[in-house]
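User: I am new to this structure and would like a close look at chain B. Please describe how it is built and where it meets its partner chain.

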Amino acid sequence: MSLGNGHGNGAPVKLTAKDFKSDQEVRWCPGCGDYAILSAVQGFMPQLGIPRERIVFISGIGCSSRFPYYMNTYGMHSIHGRAPAIATGLSVTRPDLSVWVITGDGDALSIGGNHLIHALRRNVNLKILLFNNQIYGLTKGQYSPTSELGKITKSTPMGSLDHPFNPVSVALGAEATFVARSIDSDRAHLTEVLRKAAAHRGTAFVEIYQNCNIFNDGAFDLLKEPETRDDNQIRLEHGKPIRFGADGERGVRLTGDGRVALVEVADVGEDALLVHDEHREEPSLAFMLCRLSHGADGPTPIGVFRDVERPVYDELMSGQLEAATARQGRGDLAKLLHGGDTWQLG
Amino acid sequence: MTKPVQVLDRVTIRFAGDSGDGMQLTGDRFTSETAAFGNDLSTLPDFPAEIRAPAGSIPGVSGFQLHFADHDILTPGDAPDVLVAMNPAALRANLGDLPKGASLIVNTDSFTARNLDKAGYASNPLQDGTLADYQVHEVALTSMTLEALKEFDISKKEAERAKNMFALGLMSWLYHRPTEATVAFLEKKFAARPLIARANVTAFKAGWNFGETTEAFAVSYEVKPARLRPGTYRNISGNLALAYGLVAASQLSGRPLFLGAYPITPASDILHELSKHKAFGVRTFQAEDEIAGVGAALGAAFGGSLGVTTSSGPGIALKAETIGLAVSLELPLLVIDIQRSGPSTGMPTKTEQADLLQVLYGRNGEAPVPVVAPCTPSDCFHAAVEAARIALKYRTPVVLLSDGYLANGSEPWLLPDVDALPDISVPSATEPNHEGDFWPYLRDETTLARPWAVPGTPGLEHRIGGLEKADGTGNISYDPENHDRMVHLRAAKVAGIAADIAPLEVDHQDGSRQLVLGWGSTYGPIGAAVRRVRASGARVSVAHLRHLNPFPANLGEVLAAYDKVLIPEMNLGQLRMLVRARYLVDAIGYNRVRGLPFKAEELADAIIGLLDEGAHK
């Protein structure tokens, strides 16, 4: 690794994607969707304008969690499911850092489900990228908490019995302040979502549909293949009516009985369509949108579901420290020990 | 008329009552008065895990034992000389511990048919001869408290609640305790409710006056101040001392303190205490679970903080995988285990020493972790600083093994000179260390510690993880020889700490062939037992381990110098197993796991038994 990149004598240095590539050989299976995500993240990083030494990637366990080894930043490949907890400790003690969590559907939603929801509700300053391939890859092909019901795998020869999670629903249910979804192969869309996630103050949760070409190939083809994607990608754009289809002929509207429904624009007229508001405080509408599909099994929204402001945990904690110091003065150890009832002998 | 005063050299008092009777507060206040008077003292609170078990029931009994003396003492006392029983359940639960001839002060007002029934008494023990062997002082505590407070415009319930202060006043008179501090304490505690403050002070003074005027107490007692080392003292519990030790370690290392913790008895008080010290830059994080608590602490350590997690046995079990990660990452981390009775939930408010093997071996793979154990409540301060020193210097997780007895027990503490505390700071890495590159696992030749390069340091960007790393570069490695080398290096690093800790000190008695070896909170009872044995004319030596991993370098030599080694532990022989395995010494155990500290008497008997055995050989 070379020295000096990513920082100068206070003067910002122009970085390139290459600066974020580590010297480690990437060891994902050829054709894995993780390559595309890695390349998009490395390509996006220079836009952050943050020197490399102030960027940290923390992961758990699973294929996606090898990610930090390939980033020429600070990084930690931790243990299964715990990355949000570890990253929380780093983020609240080092507000000067940009902390990213890389996780997968098993890591974040199964073994680490508890840490994920609590990081989200606290609004710790973390950017959480969940690579969802709806399968356990590193353990060679068992069903995951996002696998569709009835999935035939090595551990479920007669089909899985578990109702799957919709990760965006989980995040919205935990009242995350930033929730988005993108697709590994759509670099432009993914980069735009990452840009918005990075700009968000607090926890940003990004689900990335990621193809596992070995154990669950084609899980998201409906949203990716040229013949089907127009009819199945509902691209959410702030301030715009929600439309999809090759010519925008379909759309989403709010029905009189309080649901969102897919409609033909010709039937209802453009003015009847729901206009997407990602800054809407109240999360129910975003939740309804994410319920339009459960996996990527039909028309599925991608983009930013929710992006709202709420006090950031790290800042609240620092604020308490500052307030205590302002009130009591900087802590004095001798004074602390001599507090309470003391007495003198001799 | 002045009543006669009898001078005693030491007294053990136990206050016992319903959980709602305020016995812990009463005990705390009596302790403060006793400390201010200048006695040496040691306390043992004994309370149920249930917050409010049914009133008047045996499970709801809460107790507080205090031993004070005109000389230095080591334990809260084997058995009370005086029992204050606020209700029949408190009497029934504690009577078995009372030696014949001891004094009993009972609140007669609570001996109603209903309360007797709840305590399981078929007849009234005050009348049926049950207490014939004791000096019983029957005091109508409740009604006299109500009488004293009749002028107050407060409810009967509120007035009744002051009966513990009446009892405290009476006991303060009986033992010549200074009262000013308690009056000041009550005024401060109830500052927002001045009427209640006055009622409590009135009840307290009424109790004192009752003692002075009643014929129920013919004599009062005096225990002269102890001649302790000169200096400034305060009374301190183990958990408070430990919390202060962590603040001190942060100051002495120049590293901000981060505590990640999940509430658990008997460790929660450390979280409570540290959450008050934000002006020291202390960050406390009440995590969603035990795993997140240690995870966040490790994350903070990665960022350059002094990362700490506090828990008890069940929580330590949950943290095991993360402690293993810290072993692999070679980052400083303090893991504090306030041991309690197990297995599983066990007896949460009761003490035990049965986590030693868990913290040493309860992880996958070869995952060595240094272990430090405090021996008295105030020693928790110094042990915390020592544990932090090792963690920071050797970049390793360190376990600090306290227990429920140390955590809640208290003793006078000769306050240390802050300026004389050790400098435990270690530098972070700032420069590349290998031909212009940074190798995160290039070790210091002496300590074998790897460099601690914190994020934000330009040019030292690196990745670490739980996968095996190549020696030096830290890159992922599956090379068989490298793994073997790394396993040995990690073990050697921890073993090497033996050269950096104090040798085991032996309190050797000339001519003795037997050694009593202890660790942790058995220090007091073992010391008291050894004094008894020596006072009886027998010869025995004693030593106490602070470091359980690595052991002090001279331990083998010490053990070899004696014919017999007795290891008393509140477990089934965990240190004994280690000593036998490591030094091939046929150590003998004394093992009781009752959730209570050992009594000096039982240990003295065990030592005498060992000596007799030796004599018959």
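Analyst: What follows goes through chain B, then its contact with chain A, and then a few local details.

This is a predicted model, so called because it is computed: local features need pLDDT of at least 70, side-chain atom pairs count only at pLDDT 80 or more, and totals for chains, interfaces and linings use all residues. Residues are numbered from 1 along each chain as its sequence is written, and chains are lettered from A and ligands numbered from 1 in the order in which they are written.

Overall build. Chain B holds 20 helices and 23 strands; helices (H or I, at least four residues) and strands (E, at least two) are DSSP runs, numbered from the N terminus. Along its principal axes, the C-alpha trace of chain B spans about 90 × 65 × 45 Å. The radius of gyration of chain B is 27 Å, which agrees with the value near 25 Å for a compact globule of 617 residues. That radius is taken over C-alpha atoms, and the globule rule is 2.2 Å times the number of residues to the power 0.38. Of the 617 residues in chain B, 55% are buried. A residue is buried if 20 or more other C-beta atoms lie within 10 Å of its own, exposed if 12 or fewer, and partly exposed in between, with C-beta atoms placed from the backbone. Among contacts in chain B between residues at least 6 apart in sequence, 76% join residues at least 24 apart; two residues are in contact if their C-beta atoms, placed from the backbone, lie within 7 Å.

The cores. The largest nonpolar core has 200 residues, and Ala384(B) and Ile607(B) touch the most other members. Such a core is a set of buried Ala, Val, Leu, Ile, Met, Phe, Trp, Tyr and Cys residues joined through C-beta atoms within 7 Å. Helix 14 of chain B, residues 379-394, gives the most to this core, with 11 residues. Leaving aside neighbours within four places in sequence, Ala384(B) is in contact with Leu242(B), Gly245(B), Leu246(B), Ala249(B) and Leu400(B). Another core, of 57 residues, lies apart from the largest one, and Met23(B), Phe64(B), Phe111(B) and Met171(B) are among its members.

A strand pair. In chain B, strand 6 (residues 103-107) and strand 7 (residues 135-139) run parallel and are joined by five bridges; two strands pair if DSSP finds at least two bridges between them. Ser103(B) stands opposite Gln135(B) of strand 7. Between these strands the chain passes through helix 3 (residues 113-118) of chain B, and this β-α-β crossover is right-handed. Right-handed here means that, with the strands pointing away from the viewer, the path from the first strand over the helix to the second runs clockwise.

Where chain A meets chain B. On the two sides, 58 residues of chain A are in contact with 62 residues of chain B. Helix 2 of chain A supplies the largest share of the chain A side, eight residues. By class, that side has 24 nonpolar, 26 polar and eight charged residues. In this count Ala, Val, Leu, Ile, Met, Phe, Trp, Tyr, Cys and Pro are nonpolar, Asp, Glu, Lys and Arg are charged, and the others, Gly among them, are polar. Strand pairing also links the chains: strand 2 of chain A and strand 17 (residues 463-465) of chain B run parallel, joined by three bridges. Within this pair, His77(A) has Gly465(B) as its bridge partner.

Backbone details. Most residues other than glycine have a negative phi, and most peptide bonds are trans. Chain B has a cis peptide bond between Thr265(B) and Pro266(B), with omega about 0°. Pro266(B) sits in the loop between strand 10 (257-261) and helix 10 (268-274) of chain B. Another cis bond runs from Gly342(B) to Pro343(B), with omega near 5°, and Pro343(B) lies in the loop between strand 13 (333-339) and helix 13 (356-361) of chain B. Glu435(B) has a positive phi, near 50°. The loop that holds Glu435(B) lies between strand 16 (410-414) and strand 17 of chain B. Glu435(B) counts as exposed because 6 other C-beta atoms lie within 10 Å.
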